[in-house]
Each structure stands twice: as structure tokens, then as C-alpha cells.
Amino acid sequence: MKQMIASLAIGAAIISAPVAATAAGHEELNYVLVSHAPDSDTWWNTIKNGIALAGEQVGVNVEYRNPPTGDIADMARIIEQATASAPDGIITTLADFDVLQGPISNAVDQGIDVIIMNTGTPEQAREVGALMYVGQPEYDAGLAAGMRAKGEGVTNFLCVNHAIQQPTVGERCRGYADGLGIELGNAMMDSGTDPSEIKNKVMAYLSANPDVDGILTLGPVSADPTIAALDEMGLSGEIHFGTFDLGEEIVKAIKSGTINWGIDQQPFLQAYLPVVVLANWDRYGVLPGNNINSGPGFVTADGLEKVEEFAGEYR
Amino acid sequence: MADTATTDERVKEMSRLRLSLMRPELGGMVGTVAVFVFFLLFAYDSGMFAAQGIMNWSIVSAQFMIIAVGACLLMIAGEFDLSVGSMIGFAGMMIAVFGIVLDLPMWIAILITFVICVSLGALNGFIVIRTGLPSFIVTLAFLFILRGFTIYIPQTVENKTIIGGIRDAAEGDWLAPVFGGKIFTGFFQWLGDIGVVGVFERGSREGQPVVDGLPMLIVWALLLVAFGHILLTRTRFGNWVFAAGGDAEAARNSGVPVNRVKVLMFMFTAFCATVFATCQVMEFGSAGADRGLLKEFEAIIAVVIGGALLTGGYGSVIGAALGALIFGVVQQGLFFAGVESSLFRVFLGIILLGAVVLNTYIRRMITGER
């Protein structure tokens, strides 16, 4: 019996060794991640898996909370609730600055560390007193895309913007132009959201400007019709083509070589990294000196295997 | 009452205990006690019963209460309003449109919104009365219509679905604090000073209590509950409400203005939804097209937990308020107790079902109905 207990203890020690090594001598840490997503939004499953994995690896408790219907006012109550339960840290999105600013600053002022992830800007995160912002700043992502495209030989470009009313999305085009070192000028096209309209506009633009050798689309809405336009004009693979976000058509086009790369904002990192950062901050007082860009993560034909393998789980 | 020998059961003497137990809100009272005992056992040291935690579930419960009072009176009058949630989103958006987009003074924006929304409530009631259709269907139509406008209007005028900046625009307004302000701030500061309530440790509000006043939201909830309770139990109009919901035809024959009662109750429900929306918009400073989703069901659930019958003619405002309290405490309490988020709704469903079953069982036991 004694032997059995001993062997069990050893077994347990071996299993829990990696966790025990990092968590040894520390009190239990509790974090809460509050998102703005309704239950029906499956994209956030990656976030749940990310915090579960981080919690397990680092040895902390992380809970996921969201307003079931996606009501931001309900989200504010959840942040207030999380604050009242006095966790060691809160990770949250800044989906509506007006609504969430108060509850988040209150949490910060009560000595709870806050990290803003996904939605919001580094400026807003600083304003509410958060430790940092972990996400994909639109301009920076565009800039990185532009610099990469420049290295790949783009000299003249078209940016297909299907969400012109959202100024933050347009920042992607501006960053891209700056990365290429070209004036944006009228290279940003207000394409609308209708697929056939987008396709015809892109075809018209490419016919009128035959020197365009690079295209950036800002998501599946503009990417899918652009792929069709290039196919129809026989230019697939001829023009350098980058896009934001991934989707079924985009993945297919990356495989076939029409699209050079897709930009993934890597939600997994937006969930995983804040947990690690908070744990190390609480345990050892160390903190990265800046915001963390979870994206742009460039997905090329070489990286597709992992994307397909972990789609919906960690990607 | 004096003659106990009489065989007429209408004047049968009942023990005082039994009389005091024969109330629709009894189930709600038992449920409230049960829920508090449950969370005292499982979430006592989670901060749920510290000042900030109490304020958290009180606010959420008060939100439910505001819409539950309207839903309760309407349900007793024999009708439903499924457009409450959409009305909340719509009312908030109207305030934003008038106050921000059209740049009217905030008190005018609020008053216009109240007029529009209460008129829409009257329209709801009028259609139900005129067509004889079930209110379930008519208000379901308004659920879609109002939600549609709530998305369409801001998108058309502002190209976005969230309109912010209301807090700044309401600065210095005389009516806005009636919905978004806080009272007894001095008292709470004193509580903070003597250490009953925690204080902020850092930042610009250092030294101020974490709970710095009683939000007007809670005051509105209590006022509406008191108003509804007195209206229902102490006035002739209250009897008409019961009569209209019990048997409308019999009520009409005995001279009760059933149509007027029902339309007024639809208007009152819309009024409550608008109060909810105004408090929310004033507190958070922005109106969003997705506000108030599913709130109509939360109101109905609170009312049913509180002992009202879905078929009308029976219920109590106090019961509905207790139902709202149970719902709010359970919803926030499950967070405090650290229930896994994906299981959260399972627990919520079980506890709600339990409350309603308990409620019905107790009522049958006490009143002796089948």
C-alpha cells in the first residue's frame, strides 16, 4: 500500500512537473477574459482554446466570460462583476469605448491589471490604464504587408476596400501604401460590398491601369470577387496579390498560387499571450515594454498545412 | 367574516396564517431565500457579498425589475409584449438620434423619445384590440420592425450602428441625471472613509469609494415596483386589470373598460422599456443597435418566477420584482461562483425551472387548487 502511494506520488509528480516547476511557491492566480462576442460567434472558440492552453501551461486559472447575446451593456456588467470578484487580472476587448471605458478604468483603479486584446487601439488601451494592447493594429498590419510586398517587387498597387465607412479598416490601405513607399493617392478603391460590382470595378481598374502589379484586399468580401476578376482576365498569378483574413476561397487561391499570402491576425496569440504576460507580471514583476502585435501573421502556400490542421481550434 | 357557521364558501373564515400564505408572491419569496442561501454557501468569499458585488447584482436585478413591472401588469391584464427588447434598443437609438445627430438639448431628446415609444406601445395595444389577434403575434411583428429601424436609422444617418458621445452631450442637462445620475454619494463617501466600502487604490479617483452612490436605475426600479404594486392592489384600476386578464368578456359585461385597460398597460410596458433604455444610454454614453436583445424573455421569465400566470388574471408586482431579483442574483452569482461559461446557461435554465416548479407547487399546496 505504501509502495503504491509512493509510486502514485511519483507518477503525479512527473505528470505535473512542468506545471509545478513554473508554479512552485506561488499562490494561485485567477484571470478573467471578457469578450464582446455572442455565444453564436464561433470565431471565439480559438480564444477559449488559447486561454485554456495558456492556463494549463503556466499554471493559472483563466475563466472566459461573454454577454450571451453580444449586448455591450451586458458586457459592462460582466466586467463590473469580474472586478467585484477581485481577480488578479482581467483581459478584455474594447468593443465600445464609451460603454467600457468606465468599468475598465474602475477595475484598473482598484489595483487589477488589465490587458486589452483584439478590439480597440493601443491609444485607447493606454487611456483606460491597461498594461498593454495585444492585437493587430490596422495601420501596422498594413505597413508590414506593404514592406513585404515591396520586397516581393510590387511597384504600383490597388487596394480594394469594401468597408469604406469604417475608417479603421482604411488604415490598412494607408499602411500598405506607406510600406511600399508610394503615395496612396486614388489607389484605394471604394468597392462596395456587392460581389459582381466589386469584380467589375476591379476589372475596370486593372484595364485602365495596366501597370498595376500588386493588389491588396481587406477581407473575404473583397478578396473572393477579386480572385474571380483575375481569373477572368487571365491574370491569376501574374499580379502580386495579398489579402487580409482567411476564408475558404482565399485558402484555395493561396494553394493555386493566385494569392501570394493571406494575413491572419492570429486570435490564438491574442488569448494566449495576455495570460502568459499577466502571470509573469504577477509572479516576477516582468513586463514586455510595448504593445504586442498578434498579427500580421503571413499565411503562404507553405504554411497552409498547419492552418488546415488547426482551423477552428488554434487558427 | 364574523359568522363562522355559514356554509357559503365565499365568506368562509380562513386562518390568518393561511391567508398570509395565499399570495402570488409566496413562491418568489421562498425562491429568493433559497437563492441567497445557495450563493451564501457557494460564493460567499468571492466578493459577491462585498459592497461592489452587491451593487453589481443589484443593478442587474433592478434592470430586470424595471421591465418586469410593465410585463407583469400587462400579463395580468392578459397580454404579452415581445417587443420590449427591441423597444429598448429603439428608444436608446432615438435619444442618440435626437440628442446627438439632430443636436437637440438632451431633455427634449428624452421627452420626444418617451412620447414616441409610449405611442408605439399604444399602437401595439390598439392593433391587438382592433384585430383581436393574439398579442404574441402582433408584438412579435414589432420586435422585428423596431429592431430593423434601430439598425437602419443610425446606418443611414451616421454610417455606423453605435452612436456615442451622449455622456458629453448630456453634461449639465437637468433631466439626464434623473436617469443616469447617482444619489447618496456623500453617504457612500462616508462609508468608504470608515472602511465599510473599499476605496480605489490608485488613479485619479484614489480614496473614493468603489461604490460611490445609489444609481438612479435602482431608484427607478423601486419606484416602479411601488407604483405598480399600489396600482394593482389598492385601486379600482387594479381590479380592472385583474378582471381584464381573467375573463375579458365577463369583465366587459360588468362594465370594466377592458380595451382601455389593455391599451394603457401596453403603453406602460413601453414606458418601462424606455426608462430602461434611457438609464442605460445615460450611464454608458452610447446607443447601440444591438442593445436589449432577448430582454423581452428575461422580463417574462422574471414575471413567471414571481408567480404570475401566463394565461393572465393572476399575479403580483412584488412577486415579479422578487423574480427579477432571483434572476439577477442567479445570473451574476453563477459568474461569482465560477461556473464554467459554456455550462452557465445550463445552470441558469435548471435554476429557473426549479424556481417555477417550486412556485407552482407551493401555490397549489396553499390555495388547494388542483
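These are short exercises on a predicted two-chain model, each with a worked solution.

In this predicted model, local features need pLDDT of at least 70 and side-chain atom pairs count only at pLDDT 80 or more, while totals for chains, interfaces and linings use all residues. Residues are numbered from 1 along each chain as its sequence is written, and chains are lettered from A and ligands numbered from 1 in the order in which they are written.

**Exercise 1. The two chains**

Task: Find how many helices and strands chain A and chain B have, and what share of each chain is buried.

Solution:
- Step 1. Helices are DSSP runs of H or I with at least four residues, strands are runs of E with at least two, and both are numbered from the N terminus.
- Step 2. Chain A has 12 helices and 12 strands, whereas chain B has 16 helices and 4 strands.
- Step 3. Is chain B as compact as a globular protein of its length, and why? Its radius of gyration is 22 Å and the globule rule gives 21 Å for 370 residues, so chain B is as compact as a globular protein of that length. The radius is taken over C-alpha atoms, and the rule is 2.2 Å times the number of residues to the power 0.38.
- Step 4. A residue is buried if 20 or more other C-beta atoms lie within 10 Å of its own, exposed if 12 or fewer, and partly exposed in between, with C-beta atoms placed from the backbone. Buried residues make up 49% of the 315 residues in chain A and 51% of the 370 residues in chain B.
- Step 5. For the outer dimensions, picture a box along the principal axes: the C-alpha atoms fill roughly 80 × 50 × 35 Å in chain A and roughly 75 × 50 × 40 Å in chain B.

**Exercise 2. Where the chains touch**

Task: Work out which parts of chain A touch chain B.

Solution:
- Step 1. Two residues are in contact if their C-beta atoms, placed from the backbone, lie within 7 Å. By that rule, 29 residues of chain A and 34 residues of chain B take part.
- Step 2. On the chain A side, the elements giving two or more residues are β2 (61-65), α3 (72-84) and α4 (97-109).
- Step 3. α3(A) gives the most, with 9 residues.
- Step 4. Now sort that side by type: 10 nonpolar, 11 polar and 8 charged. Here Ala, Val, Leu, Ile, Met, Phe, Trp, Tyr, Cys and Pro count as nonpolar, Asp, Glu, Lys and Arg as charged, and the others, Gly among them, as polar.

**Exercise 3. Domains of chain A**

Task: Say how chain A is divided into domains.

Solution:
- Step 1. The bounds come from an automatic or database domain assignment. Domain 1 is 2-136 + 267-295, and domain 2 is 138-264.
- Step 2. The centres of the two domains, taken over C-alpha atoms, are 34 Å apart.

**Exercise 4. A covered helix**

Task: Take helix α9 of chain A (residues 220-233) and check its span and its surroundings.

Solution:
- Step 1. The expected span is 1.5 Å times one less than the number of residues. With 14 residues, α9(A) reaches 20 Å from its first C-alpha to its last, close to the 20 Å expected.
- Step 2. Of the 14 residues, 10 are buried, including A:Val221, A:Pro225 and A:Leu230.
- Step 3. The buried residues pack against β6 (157-161), α8 (195-208), β8 (214-217), β9 (240-244) and α10 (248-256) of chain A.
- Step 4. Just after the helix, A:Gly234 takes a positive phi of about 70°.

**Exercise 5. Odd angles**

Task: Is A:Gln266 buried or exposed, and what about B:Asp103?

Solution:
- Step 1. Most residues other than glycine have a negative phi, and most peptide bonds are trans.
- Step 2. A:Gln266 has a positive phi, near 50°, and lies in the loop between β10 (261-264) and α11 (267-284) of chain A. With 22 other C-beta atoms within 10 Å, A:Gln266 is buried.
- Step 3. B:Asp103 also has a positive phi, near 60°, and sits in the loop between α4 and α5 (106-131) of chain B. Its 9 C-beta neighbours inside 10 Å make B:Asp103 exposed.
- Step 4. Finally, look at the peptide bond from A:Gly295 to A:Pro296: that bond is cis, with omega near 5°. A:Pro296 lies in the loop between β11 (292-293) and β12 (297-299) of chain A.
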